[in-house]
Amino acid sequence: MGLMQLFKFKGGVKPATNKAQSVTLPIAKAPLPSVVAVPLHQSIGGTPRPLVQVGDKVLKGQMIGEADGWISAAVHAPTSGTVREVGMYAAAHPSGLLTDCVVIEPDGEDRWIERQSVDYKTLTPEQVRELLRDMGVVGLGGAVFPSHAKTQASRSVPMEELVINGAECEPYITCDDLLMRERAAEVVKGIAIFRDLLQPKKVLIGIEDNKPEAAAAMAQAVQAAGEDFQVVSVPTLYPAGGAKQLIRVLTGKEVPANKRSTDMGVQCFNVATAYTAWRALGHGEPVISRLVTLTGNVAEPRNYEVLIGTPMDELLAIAGPKADTDGIIMGGPMMGFLVPEAKAPVVKATNCLIAHSPALFPPKAPEMPCIRCGSCAQVCPHELQPFEMYWFARAKNFGKTQEYNIFDCIECGCCSFVCPSRIPLVQYFRFAKSEIWARERDKKAADGAKTRFEFKQLRDEREKQEKAEKLAKAAAAQAAKKAAEAAAAAAAEGGAPAEAAAAPAAQSPEEAAAAAKKAAIAAAMERAKAQRAQAQPQNTDDLAPAQQQEVADIEARRARLRDIAKTELAHPEAHPAEAAPAAPADDGQTPKN
Amino acid sequence: MLIAIAIMALGAVVLGAALGFASVKFKVDGDPLVDKIEAILPQTQCGQCGYPGCKPYAEAIAKGEADINLCPPGGAEGVGKLADLLGREAKPLDGVEKPPQVALIDENTCIGCTLCIQACPVDAIVGAAKQMHTIVESLCTGCELCLPPCPVECITMEPIQETVDTWKWKYPVVELKRVA
């Protein structure tokens, strides 16, 4: 533990830590649950695509959800068994809604897939990142951001410091403390992976000074590994474990709201993330379990290694919740939430389950009016003005809350903690944030709908125009074709109209069409004449006089009928139905619509 | 006297030229009020207001031809925003406000007639003649315009269910307690 200058972040509070209860016993392995429900979406970014179907047999560590895109991380079967369901299941979420899960019934054998340790130093950084993604390594401090996506230094700014977060500032939670005490060597190996990927000038491991055992264990492991990491004790002050706060304390750098920490030459990982990164590369074990602190209103508070997907009620039962337990808090008392559905599964973000009881967490007295004392602004670690944001969030004036930088709020709960009027400030900020997000979604959808509507109108108009043009063209083309046919037919007949039909082809379209029509009529008449000539009976030679007489009679009758037809054609309005078929030459010439 | 007239005339010419230049240079295309009104409308393009789309309705409001409470998808909140923008009195909505919904095609019943595709104002239905049609849920505005043309009545409207991603934190309830 070197002597180095530490910096301060503004604000912060000192709530009762309540950590001593759960550090007395070593980490234990939680027994195999009766069922595991693995949510597919356990990290920031894309929802992994399920790779298994109902009835499939899976092995422990088998990938069941494939990363969707670069900002996403795979999920794996926590134990061997049969897939019971791929569908909606209770989520570890304050809403109590369902989410896509793979529900596995364990077979009790807990049989691993073939695990392969890799020497990551022989791989390219790209391959290591892909491997981390496919092993499901995400930030276990609570944000569950895919870790591989954080292992790329900024192009313009050289990496100065790699900050490893072992602060664990939230009350009750001790899983990182126990991890560092018992598995420091592997945490150090994990840190080395991130160090090799990012190539920083120095590595700083920040641990709050209320965890001297963990700090000592880490320092010893660093020394044993021959690394030059610095283990730094930071003052115990909530929220020192916030990434931006710890970076500030250790490096003095303040990361602006619109920038990434790599733009400042810093990157930050949680100790548990480093541990899982080493298990993934060094042992071929994907992230299928994590340490969870079971504490609060229980008989035996302790840290357990828990399979992801273990139902929370089943898990909490191991610690022996007392009779007056009336709920489960996931996370700590400052930032956690009451789980609405007790059978919701443990996820990668679950660091602590606190058995809730009215005695342990007495209900808050009713909210009083804000007296604008400014206490909240004094403790805000992001130097915001919570009383102003509260005012506008309460009035649903969301534009103003954004002017006061509500999206810089990390919802640490310091303001609610100190408020003398007991105003649930963070709830108001969460409400405002989710309303703003919903509005942005709606706005985006409306803009998209508008664009598509306008495009559809444009397209309809264009199609109408194109259709009209096409019809005109088709009519002209057909007319020209008919004209050519007529010319050919006429030529075959040796008749004169051939020239008449062929000549006007080069004229203007209307004239051409009219001429073609005329030619077609002429051709049709020619054809009809030819047909009539062909239709002459072939057996008219050598007829008896009686037969000749008969033929003459028939011819005379036909001639008479033809005459009648002609007179009727001259007055077609008298019998329009009969007259219509008399002009077949026009058929197929005029467009139907 | 003449000099005074000349100076005034010169001033008039100069100012006139400046105004003329400004009117050309800083010409505003379109009616900015229409755009502002349209930004408030929900863009469902459903025609429930009696106008063929949100833009015509916005234009009618801007001209003062239409009332501001004719848009049921915008709801009471939309009426309130329009009232704020136009400095008019907010009115109760003329119509029934429905929860957000999307259309759903019963794919077993669909005969592939393409009538709904032609009716959809936002191109949210995919399909081809004699092929099954389906609705792209994320693009559907729930305008119900595809319901009447369907000859086999295979389209139903389903309310949009809340998911973990669209869930919103509730407004912290202020408990009122009887004091005496």
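**Exercise 1. Helix α5 of chain A**

Which residues of α5(A) are buried? Establish also what these residues pack against and how the N-terminal end of α5(A) is capped.

*Conventions.* This is a predicted model, in which local features need pLDDT of at least 70, side-chain atom pairs count only at pLDDT 80 or more, and totals for chains, interfaces and linings use all residues. Residues are numbered from 1 along each chain as its sequence is written, chains are lettered from A and ligands numbered from 1 in the order in which they are written, and side-chain values use heavy atoms, with hydrogens and water left out.

*Solution.*
Step 1. Helices (H or I, at least four residues) and strands (E, at least two) are DSSP runs, numbered from the N terminus. The expected span of a helix is 1.5 Å times one less than its number of residues. For the 13 residues of α5(A), residues 271–283, this gives 18 Å, and the end C-alpha atoms are 17 Å apart, which agrees.

Step 2. Buried means under 20% relative accessible area, exposed over 50%, and partly exposed in between (1.4 Å probe, protein chains only). The buried residues are A:V271, A:A272, A:T273, A:A274, A:Y275, A:T276, A:A277, A:W278, A:R279, A:A280, A:L281 and A:G282. Twelve of the 13 residues are thus buried, and the helix is mostly covered.

Step 3. The packing partners of these buried residues in chain A are α1 (125–134), β9 (161–166), α2 (175–198) and β12 (266–270).

Step 4. At the N-terminal end, A:N270 acts as the cap: a side-chain oxygen lies 2.7 Å from the backbone nitrogen of A:A272. Just after the helix, A:G284 has a positive phi of about 70 degrees.

**Exercise 2. Helix α4 of chain A**

Determine which residues of α4(A) are buried and which elements they pack against.

*Solution.*
Step 1. In α4(A), residues 243–251, the buried residues are A:Q245, A:L246, A:I247, A:V249, A:L250 and A:T251.

Step 2. They pack against β9, β10 (202–208), β11 (230–234) and β12 of chain A.

Step 3. A positive phi of about 80 degrees is found at A:G252, just after the helix.

**Exercise 3. Two buried residues**

Describe the surroundings of A:T295 and A:R195.

*Solution.*
Step 1. A:T295 belongs to strand β13 (residues 289–296) of chain A. Its relative accessibility is 0%, so A:T295 counts as buried.

Step 2. Contact means heavy atoms within 4.5 Å. Leaving aside neighbours within four places in sequence, A:T295 is in contact with A:S22, A:Y172, A:P301, A:C352, A:L353, A:I354 and A:A355.

Step 3. A:R195 is placed in helix α2 of chain A. It counts as buried because its relative accessibility is 18%.

Step 4. With neighbours within four places in sequence again left aside, A:R195 is in contact with A:L162, A:P200, A:V203, A:E227, A:D228 and A:F229.

**Exercise 4. Chain A as a whole**

Give the secondary-structure content of chain A and its buried share.

*Solution.*
Step 1. Chain A contains 15 helices and 17 strands.

Step 2. Of its 593 residues, 46% are buried.

Step 3. Among contacts in chain A between residues at least 6 apart in sequence, 74% join residues at least 24 apart.

Terms used: A polar contact is a pair of N or O atoms within 3.5 Å; within protein, one must be able to donate a hydrogen and the other to accept it, and residues adjacent in sequence count only if both atoms are side-chain atoms.
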